[in-house]
Amino acid sequence: MTGDHTLVDKIWDLHVVADLGQDQSLLHVDRHLLHDLSGTMALEEVNDKGYTVHSPELAFATPDHAVSSEPGRDDDTGGRSGRYVRGLREGCAKWGIKLFDLNDAAQGIVHVVGPEQGLTLPGTVLVCGDSHTSTHGALGALAWGIGSSEVAHVLATQTLVQTKPRQMRIRYNGSLSAHVVAKDLILYTIGKFGVDAGSGYAIEYAGPIIQALGVDARATLCNMSIELGARAGIIAPDDVTFGYLADKPFAPKGGQWDQALAHWRALPTDPDARFDKELSVNVADIEPQVTWGTSPGQITGISGNLPDPAQAKDVSERQNIKAALDYIGLAPGQALEGVPIDRVFIGSCTNGRLSDLRLAAEIVKGRKVANRVTAWVVPGSAPVKKAAEAEGLDKVFTEAGFHWREPGCSMCVAANGERVEPGARCVSTSNRNFVGRQGPEARTHLANPAMAAAAAVAGCITDVRKLAS
Amino acid sequence: MEKFTQLTATAAPLMRQNVDTDVIISIDNLMSQPRAKLGYFAFAPWRFLADGEENPEFELNRPGFRDAQILIAGRNFGCGSSREMAVWALSGMGFRCMIAPGFGDIFANNCTKNGLLAISLPENRVNDLAHAAEQAAGDTSFTIDLETNIITSPKGDTIPFEIAAGDRDALLAGLDEIGKTLQHGNAIAAFQARDRLARPWIYGVTVA
């Protein structure tokens, strides 16, 4: 096929309900995912304002943000979640929205549930009141996060008023070193280009390295597009995508599958398509990454040292580095390797999938969590948890001294008291190391699951390559 | 939503880079506080000391800037989480307009939905405005005019700005976007009717 359309162009064009002028389009939303914070609030707003939910068949909900991950949990465990979980349940029941309820076999983090249930499909427009909605781009969906006013707008109209984003393509070339995974690719990309490099863009990730990634790894990559400033990140659907979707519960079946497949195969960017911006990354340079500061762009390879504000290029940069070092409690120029830690969190919409848990378990097997460390594994969903248990991963973790918990956002968003203590230091597989993100005065270092596992057993930030056989 | 046409007020500089929505309003506060009280908790990690007292060194706590309604901010203001409560908190603190070299995309969108004007300007322009605001501490005569797209500093300097036409119209009119979109109800129904035939796998999905 010849043409000059990008993947995003094609999806966009298929979803325009009306041209509103002034560069704005009314876009149809195919999949609307709701969770227990913005979803609950928007359902309440729809109620308060007397709107009707337009297309409940296209909305799907699960509680994840506010819920406890404590084994044996209920709606109120942790003390904060009850109002949100019940609000979501009531709203879904009122309108007939499919809910994967707390402790259902399919409940989990909304960005794990969507792909895993086959709700996230190539060529769809998918939105959710959460900035990590970019995750769903892993399957070739045009997916982005929205605020709760827009969630209410989608509920009431099944559309969004949108201006088409500019388009960027990032190509990954070269060959990956051992123990360098998708999390390192995206963290490195953020460090290299900056946390606002993607502002105003939808990003297509491309190149042989991306095509070789499995869906879980693609999800990790697309997930952190927002940490690059982009609302949407997307990867062309291919046989990896289709193989993943073939047996998913809500994916099309039979004749509809064949019809969908023909549609999906025509979606990838045409050879002559032009992007507003093209970047490339040579992955051969990348080693396992760890953040040192309070922004995901404040990152170094594990063998690197912290920056010295005295060597910053300008005053603003100097202040930035100094503030981050003060908060994180580390000295200018110091090595990151060997810094003692208190907590490890393995989970989240970034790294809470089965392949993530396998990577971590491989390092943990036959070892013990260091005395000073409290380490948690929070599977991204109930199916992830079940599959991990079937492989015995839960035993690997618990025998090493990890806590094995119930699915949810947990310590990534720290919404329900599941947090890092003030001043304590955590190696986390989540996506944000912001000031206070994991709790007031909590110090977060973002890393891949194997690096987090290595830190748990070493008791300090360490190079997983030294532990791996 | 409240209209935005013209605003004459104090401007406060907060020239930190990459201010994220978590620091604008924490998850604890957004979950436990009613919307009307979120303003008090905006920037809490910076605004208050560990003992709960105000931090006198925080930019927005300084005399002359406490009643500011215009925020002049560093690059990538409002990055991170989609939490709309960040906008509610800023609004609750009194802000109606933000000027920065760039904003988090979702945050900027949330601003428009809540009648707050987010203006992007080149970094040197923002730095000049921050300098002017610093010098004019307490002077309430910064003017933002959305009808003419002009910012006027207390010294009378004028700076033109651009904003997406659709956003501008929405802010000027203070329209309810849902009500406006529902006027396209027939087009939405027609789209879905066509689409059900073209992409039947999108609709009515259930597990066998």
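**Note on helix packing, sheets and the A–B interface**

1. In chain A, helix α13 (residues 354–364) packs against helix α16 (residues 449–458), their axes being 8 Å apart and inclined at about 30°. With angles under 35 degrees counting as roughly parallel, that makes α13(A) roughly parallel to α16(A). The crossing of the pair is right-handed. The model is a predicted one, and the points that follow should be read as a description of that prediction.

2. On the α13(A) side, the contact with α16(A) is made by D356(A), L359(A), A360(A), I363(A) and V364(A). Helix α16(A) contributes P449(A), A450(A), A453(A) and A454(A). By class, the residues of this contact are eight nonpolar, no polar and one charged. The charged residue is D356(A).

3. A second helix pair in chain A consists of α2 (residues 38–49) and α5 (residues 148–157), which pack at an angle of about 60° with their axes 8 Å apart. Helices α2(A) and α5(A) are therefore oblique to each other. Their crossing, too, is described as right-handed.

4. Which residues make the contact between α2(A) and α5(A)? From α2(A) they are S38(A), A42(A), L43(A), E45(A) and V46(A). From α5(A) they are S148(A), S149(A), V151(A), A152(A) and L155(A). Six of the residues in the contact of α2(A) with α5(A) are nonpolar, three are polar and one is charged.

5. Chain A also holds an open sheet of four strands, with parallel pairing and the order β11-β10-β9-β12. Strands β11 (232–234) and β12 (277–282) of chain A stand at the edges; each has a single partner strand, so one side of each lacks a neighbour in the sheet. From one strand to the next, the twist averages 20°.

6. Within the chain A sheet, strand β10 (residues 201–206) pairs with β11(A) in the parallel sense, over three bridges. E204(A) has I234(A) as its bridge partner in β11(A). Helix α1 (residues 7–14) of chain A packs on this sheet and touches β9 (166–173), β10 and β11 of chain A. The direction of α1(A) makes about 115° with that of β11(A).

7. Chain B has an open sheet of four strands as well, in the order β2-β3-β4-β5 and with parallel pairing. Its edge strands are β2 (11–14) and β5 (117–120) of chain B, each of which pairs on one side only. The twist in the chain B sheet averages 20° from one strand to the next.

8. In the chain B sheet, β3 (residues 70–73) and β4 (residues 97–100) pair in the parallel sense over three bridges. One of the positions involved is L71(B), whose bridge partner in β4(B) is M98(B).

9. The last point concerns the interface. Contacts between the chains involve 72 residues of chain A and 54 residues of chain B. Chain A and chain B bury about 5100 Å² between them, and 55% of that area lies on carbon and sulfur atoms. Which three residues supply more than any other three of the area that chain A buries against chain B? They are Q22(A), Y51(A) and E57(A), which supply 10% of that area.

Note on methods. Residues are numbered from 1 along each chain as its sequence is written. Chains are lettered from A and ligands numbered from 1 in the order in which they are written. This is a predicted model: local features need pLDDT of at least 70, side-chain atom pairs count only at pLDDT 80 or more; totals for chains, interfaces and linings use all residues. Side-chain values use heavy atoms; hydrogens and water are left out. Two strands pair if DSSP finds at least two bridges between them. Helices (H or I, at least four residues) and strands (E, at least two) are DSSP runs, numbered from the N terminus. Axes are lines fitted to C-alpha atoms, for helices over the stretch in contact, and angles run from 0 to 180 degrees between N-to-C directions. Contact means heavy atoms within 4.5 Å. Angles under 35 degrees count as roughly parallel, over 145 as roughly antiparallel, 65 to 115 as roughly perpendicular and the rest as oblique. A crossing is left-handed if the near helix is turned anticlockwise from the far one by less than a right angle, and right-handed if clockwise. Buried area is the accessible area (1.4 Å probe) that two parts lose on being put together, summed over both.
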